[in-house]
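Colleague: I am new to this model and would like a close look at one part of it. Please walk me slowly through the main sheet, and then through whatever packs around it.

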Amino acid sequence: MTEVTTPQVRPARPYFSSGPCAKPPGWTPEKISTESLGRSHRAKIGKTRLQYCIDLMREMLRLPDTHRIGIVPGSDTGAFEMAMWTMLGARPVTTLAWESFGEGWVTDAAKQLKLDPTVVRADYGQLPDLGQVDWSNDVLFTWNGTTSGVRVPNGDWIADDREGLSFADATSAVFAYDLPWDKIDVATFSWQKVLGGEGGHGVLILGPRAVERLESHTPAWPLPKVFRLTKGGKLVEGVFKGETINTPSMLAVEDAIFALEWARSLGGLDGLKARSDANAAALDKIVAARDWLSHLAADPASRSKTSVCLSVAGADEAFIKKFAGLLDAEGAAYDIAGYRDAPPGLRIWCGATVDTADIEALGPWLDWAYASLNA
């Protein structure tokens, strides 16, 4: 049997999970502010910190004043569900799906809300024909498909004169790309992705057309308390000023504030984008040098720069499980097996909280695991 040489240099931070993602460089628990812990989120300190977190998100995202930001329960899933359940039903619905979470929104629209949506699908690694979208409909889509590594290249396909609302699940896209906020009526994300924050909380962003829908449309179905954004036909503005619907984890909020202040220290959105771009480029170089490794998303224009999904020649699910297990046991890479519903492969997070040197150090370890399993 051929002897396989173990690489000498390990990634300093081998955290390549696509969610929850690597903490920001330099993060330690001791650096998290604790003054708000053990206090009511409705006390002055709690409200102040929640509002500060919202202000930082607005600054880092370059979000215009026309759009509101709310911290809501249930991670990105909870935020997107809240948007669907409160705003859909006024117009026909189109759902786009090219990965697992997009399919989840199809299921909710069709089976839970029974809206009989128009479904536009593409296989993993592909993007559907965005030109066939009818913008007289409300349109649901994922900006960056975390489980497929496929993203929309830009917002040009979203009609300026749209009658329906655009609903963007943007959880792996915010803080990594320039998002055209004039094209987005509803956006959702969670801190646990590009910011490397903690899970459990979602962020809901509403443009003026979404607010108009909320105040003019009454859904045909009952709404749980945690979904209610209006009272007496008017938006509950407090939700978008840090007065959360239910009790938030102030520890998670403080952790998000740490990540946002770190982002500010890099130069804000430009700094975050530059780190993601460098990481994706470093991984591209690794892939290009290996004939057994390829991108699941073949078209670079629609290839994710955060959740990069790779195909391994000849690999099945069992091979990938062993491959990822070898690297985990060596402390060289954690959690890089592809998503359970995706084709067997690897998924390597290249968002801003990962260091490019660690992506570069990963290459020899991928070789080692592949050679070890084929020895």
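Modeller: Let me begin at one end, where strand 1 and strand 9 run antiparallel and are joined by 6 bridges; within this pair, Ile69 has Ile205 of strand 9 as its bridge partner. Strands here are DSSP runs of E with at least two residues, helices are runs of H or I with at least four, both numbered from the N terminus, and two strands count as paired if DSSP finds at least two bridges between them. This is a predicted model, in which local features need pLDDT of at least 70 and side-chain atom pairs count only at pLDDT 80 or more, while totals for chains, interfaces and linings use all residues. Residues are numbered from 1 along each chain as its sequence is written, and side-chain values use heavy atoms, with hydrogens and water left out.

Strand 1 belongs to an open sheet of 7 strands, in which the order is 1-9-8-7-4-2-3 and the pairing is mixed. The edges are formed by strand 1, residues 68-73, and strand 3, residues 118-121, each of which pairs on one side only. From one strand to the next, the twist averages 20°, where axes are lines fitted to C-alpha atoms (for helices over the stretch in contact) and angles run from 0 to 180 degrees between N-to-C directions. Although strand 1 is an edge strand, 5 of its 6 residues are buried, where buried means under 20% relative accessible area, exposed over 50% and partly exposed in between, with a 1.4 Å probe and protein chains only.

At the other edge, strand 3 pairs with strand 2, residues 93-97, in the parallel sense over 4 bridges. One of the residues in this pairing is Ala97, whose bridge partner in strand 3 is Arg121.

Helix 4, residues 208-216, lies across strand 1, strand 4 (138-142), strand 8 (186-190) and strand 9 (201-206), and runs at about 95° to strand 9.

The tryptophan Trp191 links this region to other parts of the chain: leaving aside neighbours within four places in sequence, its contacts (heavy atoms within 4.5 Å) include Ile71, His201 and Val203, and also Cys53, Met57 and Ala256. Together with Trp143, Trp191 touches the most other members of the largest nonpolar core, which has 87 residues; such a core is a set of buried Ala, Val, Leu, Ile, Met, Phe, Trp, Tyr and Cys residues joined through side-chain atoms within 4.5 Å. Helix 5, residues 250-265, gives the most to this core, with 9 residues. Apart from this core lies another of 29 residues, among them Trp85, Met87, Leu165 and Phe167. In soluble globular proteins, nonpolar side chains tend to be buried together.

Trp85 leads on to a pair of helices. Helix 2, residues 75-87, packs with helix 3, residues 100-112, at an angle of about 35° and with the axes 11 Å apart. The residues in contact are Asp76, Thr77, Phe80, Glu81, Met84 and Trp85 of helix 2 and Trp105, Asp108, Ala109 and Gln112 of helix 3. They divide into 5 nonpolar, 2 polar and 3 charged, with Ala, Val, Leu, Ile, Met, Phe, Trp, Tyr, Cys and Pro counted as nonpolar, Asp, Glu, Lys and Arg as charged, and the others, Gly among them, as polar.

Two residues in this stretch of the chain have backbone angles that deserve a look. Ser75, which lies in helix 2, has a positive phi of about 60° although it is not a glycine, and Ser75 is buried, with a relative accessible area of 13%. Lys114, placed in the loop between helix 3 and strand 3, likewise is not a glycine and has a positive phi of about 55°, but Lys114 is exposed, at a relative accessible area of 66%. With that loop we have come back to strand 3, the edge strand at the end of the sheet order.
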